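Here are a few notes to read with the structure open beside you. They are about pairs of charged side chains and where to look for them.

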Amino acid sequence: MSIYLNQIRQLITLQKVDDEIYVLDKELKAAPQELEALRARFAEVQARRERQNEKMEHLHEQEKRLGIEIEDDSARIRKSKSKLMQVANSKEYHAMVREMDSLEKVNRDREEEKTLLIEELTLQRGLKEEVETEFAAVQDELQRCEAGLEARVSKCQTVRSGLVQRRTEVSKDVPMPVFTRYEFIRERLDHPVIVSVVNRVCGGCHIAIPPQAYIELQKGTQILSCPNCQRLVFWQEHFEPTQKAEE
């Protein structure tokens with residue numbers, strides 16, 4: 001194997017370790033973000049639950065108030081009917097009848113209001129049950145996420161530490177000038193650093209390699225970069241030759 005191809009193989013091995021580290025870093029970043037998103041969702045559901053409870057409390061207060069007012073007016077109507085039999089003249093009689101009619105009308109209006117209020121309470125109880133169910137589910141999910149986050153992060157960090165140590169060992173096999181070039185690219189470009197070229201297309205940016213650059217790549221005499229994305233590139237068939245059908 002040529003020196004060039006050997007260096008490429010070393011870089012591919014290094015890249016595989018970096019691939020695993022890259023996945024773990026994404027996991028370590030995503031885990032707290034998932035928890036924060038869940039906490040935000042829990043806070044939103046909790047706020048809706050509190051608003052629903054306040055609405056239910058307000059409706060119950062209205063129901064209680066209407067009940068008291070209806071009972072008070074009913075008592076006044078009964079008292080007026082009792083007094084009606086004791087009136088001394090027709091003028092007083094008609095005045096009391098008008099008062100009773102007015103009280104009965106007010107009571108009928110309140111009874112209608114109470115009927116509508118009971119319907120609204122029935123609707124709001126259903127909504128309260130829904131939000132309570134959602135609240136309990138999100139709360140349970142949040143508690144499980146919080147409990148598992150520490151173990152999840154700890155496991156990732158342990159695995160990552162092992163990979164970093166392995167990376168140190170693997171990088172020792174790569175000549176310093178080549179490794180320095182690899183690190184320079186890794187610090188400035190999105191993952192990955194080295195990619196294969198298949199059918200003249202760069203595996204990093206998915207843009208075709210210019211013909212002359214592709215010819216140089218096939219020669220396998222130096223480590224080249226993609227003219228477009230600047231990643232290190234290698235010809236896939238140097239390592240996985242295409243099996244040609246027998247003629």
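1. A quick definition before we start: a salt bridge is a side-chain nitrogen of Lys or Arg within 4 Å of a carboxyl oxygen of Asp or Glu. Keep in mind that this is a predicted model. It holds 25 salt bridges, and a few are worth a look.

2. Try Arg-65 and Glu-113. Their closest N and O atoms sit 3.7 Å apart, so the pair is within the 4 Å cut-off and counts as a salt bridge. Arg-65 belongs to helix α1 and Glu-113 to helix α2, 48 residues apart, so this pair links distant parts of the chain. Both ends are partly exposed: Arg-65 has a relative accessible area of 35%, and Glu-113 has 34%.

3. Next, find Glu-27 and Arg-152, a salt bridge with 2.6 Å between the closest N and O atoms. Glu-27 is in helix α1 (residues 3-84) and Arg-152 is in helix α2 (residues 90-171), so the bridge ties together parts that are 125 residues apart in sequence. Glu-27 is partly exposed at 27% relative accessibility, and Arg-152 is partly exposed at 26%.

4. Now for a pair inside one helix: Arg-144 and Asp-140 form a salt bridge, 3.1 Å from N to O. They are four residues apart in helix α2, so about one helical turn separates them. Arg-144 is exposed, at 51% relative accessible area, while Asp-140 is partly exposed at 36%.

5. Finally, salt bridges can share partners: Arg-65, Glu-69, Asp-73, Arg-76, Arg-110 and Glu-113 are joined into one network that way.

Notes: Residues numbered from 1 in each chain as written. Predicted model: local features only at pLDDT ≥ 70, side-chain atom pairs only at ≥ 80, totals over all residues. Heavy atoms only, no water. Helix = DSSP H or I, 4+ residues; strand = E, 2+ residues; numbered from the N terminus. Buried < 20%, exposed > 50% of the residue type's maximum accessible area, 1.4 Å probe, protein only.
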